[in-house]
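Please open the model in a viewer and keep the selection panel at hand. The tour begins with the chain as a whole and then proceeds to its cysteines.

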Amino acid sequence: MAVSTILLVVLLLGFSGYAAAEVSSRSTYIVHMAKSEMPASFQHHTHWYDASLKSASDSAEMLYTYSNAIHGFSTQLTPEEAEMLKFQPGVLFVLPELKYELHTTRTPEFLGLDQNNELFPESQSASDVIIGVLDTGVWPESKSFDDSGLGPVPASWKGTCEVGTNFSSSACNRKLIGARYFSKGYEATLGPIDTSKESKSPRDDDGHGTHTSTTAAGSVVTGASLFGYAPGTARGMATRARIAAYKVCWLGGCFSSDILMAIDQAIDDNVNVLSMSLGGGMSDYFRDSVAIGAFSAMEKGILISCSAGNAGPSAYSLSNSAPWITTVGAGTLDRDFPAFLSLGNGKNFSGVSLYRGNSEATALEMTPFIYAGNASNSTSGNLCMMGSLIPEKVKGKIVMCDRGVNARVQKGTVVKAAGGVGMVLSNTGANGEELVADAHLLPATAVGQKNADLIKSYLFSDPNPTAAILFEGTKVGIEPSPVVAAFSSRGPNSITPDILKPDMVAPGVNILAGWSGAVGPTGLAVDSRRVAFNIISGTSMSCPHVSGLAALLKGAHPEWSPAAIRSALMTTAYTAYKSGQKLQDVATGKPSTPFDHGAGHVDPVSALNPGLVYDLTVDDYLNFLCALNYTETEITSLAKRKFTCDESKSYSVRDLNYPSFAVNLETGSSSKSTVSKYSRTLTNVGPAGTYKVTVTQDNPNVKITVEPESLSFAAANEKKSYTVSFAVTGSLPTSTLNSFGRLEWSDGKHIVGSPIAISWS
């Protein structure tokens, strides 16, 4: 991938480069203020913020002041000044800045959008939906931003097209209606932007932002492909929606002060959906800038879609787990790019590749073959790191490199630089059978761990091993599909175990979308190729699929809340193939679970008419914060207003009206009866009818009871409540194995499904 795929949150421990010692020890802090406590002597809150800052530091200046995402400002302080500021009146928190990383076309057909286009009304409302994308910016010349056939910019739009390096206001149009950039936090920490390396403007020099925004809402482009791979029509999920780009990610990462300001501005600009393929951190919600900003956006009726992360298949690996965020994992499409490896012993092995030579991917004939570990003096020679291969041993040969540490495509450049003519990229235990196709710079194919082990045994046993690579192009109709990608981050939710995450999975492997003209498809400096479309993978790609689908639903149902839209996508998601077999997890080769796929794989056609939805209001989320025992200060930093939990009321996380169930039971003596109760409320968004409940699950020692067992709705928007009890009936498990189930309400036409995950502690 052209971007980093592993998400880390790194505390920024300051920076250097200034003469004064005091200044050099400064780092960025985000200061949360209780705006309601502003003394009457101040005419405007910014004057109060400035006075508060001056009381702790004579020389510090505000980077940003925030009005929507939070109430407060960001600034650079020494640790001593930050400590002093904490005790000023009206200061809620002084939090160190965090660095976030990016979570780095056949999709419409795979999701059923091509045959069912008429279901999504070509009304003005569909064209009025605005998707804000926080990413690396946009390449406005991409054909995916063509505005042919679109009406005037929606009257609700309050944003603008900012000018900067290589970017003028004329870059925007009726499709790309706004573009802004936010770099003050980045520059405060890492120094001024070097405009010879990246554009100080909304222009995308990376490709990631163009890819995500065109995935969400790119216009229809015929004849799209990457070097002839994945040929056909490229289109975003919501082709009539408008795009507003907010550039918050730079060569050095994405900084929380910039992210917060972009959310702050997007709220003012009047976006309807926010798409953020970035994240990191597993901190409490009141410390997480994405969660804080998302809460403010949710209050304004904006749906926030975020990637789960690429840290799978480990448990507890996902980020963006707040319940007001829609958290998206990644699955595969039914499309592949096979490239076969033929060995000198006559055996053939399947792999994948997007390699294309000057004009076409010609087969690499039988060629001497060597394992990188045997062509290096380095202990990690098998990884094909820079400078690790011995040219005399590699020249004229195909080299087998193991995955890990450095970028997959970079390994090929190392082989090429040492004189190698081809590469076999082998998965190890960390990647299993997951294959990600890359636009390699030399003939190459990637193989799964099982095939890799067989190939290695040939390499180690044959005195003169040879191999050939044959490129097969594009194949569709691959089964089973989708499968959950191994890299897709998994639950349980480490912050709030009683909220099941991820919410759903969407296509995120080998996705074709628009690309930047400033960089090659691999993102490597040595890659001089330029492409209009690129194929990359990550939960970064699945997130904008859901952002675009949410825009489609918002266009069809303008009155639906963000929670109702998410509910419709979750309760109609599927967890089995048409054959009846359960969705597979490529990491294990076994059925995936709700900790892998959430509610299941999105099915937008069904989501258009879900029958019933689980709705949520701002007050519901505030009650949820009370259930977490957040202090008044912590709640104020999220809600931006005084909210006191009612001491006479019993709050429970289990009562948050979420469309899924994460049940945590304690192991112990079987004589002790353990019962957990969950309450839920359904809202009718379809015709009148009676829904009956069915529950399936795989643990005979847990009895699940739903009360009542049927719900009758006479009118639209009517609400009916029910409770679910989970009772331990048999002997409790000695191990902490998880068990899973499903709860479905059906009127014979609609199925309103919810996943159940039961954990033992």
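Select the entire chain and display its surface: the exposed area is about 27800 Å², of which carbon and sulfur atoms supply 51%. Accessible areas come from the Shrake-Rupley method with a 1.4 Å probe, and for residues only the protein chains shown count as cover. The model is predicted, so that local features need pLDDT of at least 70 and side-chain atom pairs count only at pLDDT 80 or more, whereas totals for chains, interfaces and linings use all residues. Residues are numbered from 1 along each chain as its sequence is written, and side-chain values use heavy atoms, with hydrogens and water left out.

**The whole chain**

Switch to a cartoon representation. The secondary structure comprises 18 helices and 41 strands; these are DSSP runs numbered from the N terminus, helices being H or I with at least four residues and strands E with at least two. The radius of gyration is 26 Å, close to the 27 Å that the globule rule gives for 761 residues, so the chain is as compact as a globular protein of that length. Here the radius is taken over C-alpha atoms, and the rule is 2.2 Å times the number of residues to the power 0.38. Along the principal axes, the C-alpha atoms fill a box of roughly 80 × 70 × 60 Å.

Colour next by accessibility. Of the 761 residues, 60% are buried, where buried means under 20% relative accessible area, exposed over 50%, and partly exposed in between (1.4 Å probe, protein chains only).

Then select the charged residues. The mean positions of the 57 positive and 68 negative charges are 3 Å apart. Lys and Arg count as positive and Asp and Glu as negative, while His and the chain ends are not counted; each charge is placed at NZ of Lys, CZ of Arg, CG of Asp or CD of Glu.

**The disulfides**

How many disulfides does the count come to? There are 4, a disulfide being a pair of cysteine sulfur atoms within 2.5 Å. With the bonded cysteines numbered in sequence order, the pairing is 1-2, 3-4, 5-6, 7-8.

Select Cys-249 and Cys-254, whose disulfide has an S to S distance of 2.1 Å. The torsion about their S-S bond is about 110°, so this disulfide is right-handed. Both Cys-249 and Cys-254 are buried.

Move to Cys-384 and Cys-401, where the sulfur atoms of the disulfide are 2.1 Å apart. The S-S torsion is about -80°, so this disulfide is left-handed. The pair links distant parts of the chain, 17 residues apart: Cys-384 is in the loop between strand 21 (364-371) and helix 10 (391-394), and Cys-401 is in strand 22 (residues 398-402). Cys-384 and Cys-401 are both buried.

Continue to Cys-626 and Cys-645, a disulfide with its sulfur atoms 2.0 Å apart. A torsion of about -90° about the S-S bond of Cys-626 and Cys-645 makes this disulfide left-handed. Cys-626 lies in helix 17 (residues 618-627) and Cys-645 in the loop between helix 18 (632-639) and strand 34 (661-665), so the pair ties together parts that are 19 residues apart in sequence. Cys-626 counts as buried at 5% relative accessibility, whereas Cys-645, at 22%, counts as partly exposed.

**Cysteines without a bond**

Finally, select Cys-306 and Cys-543. The sulfur of Cys-543 is 6.0 Å from the closest cysteine sulfur, in Cys-306, which is too far for a bond. Cys-306 counts as buried at 0% relative accessibility, and Cys-543 is buried with a relative accessible area of 0%.
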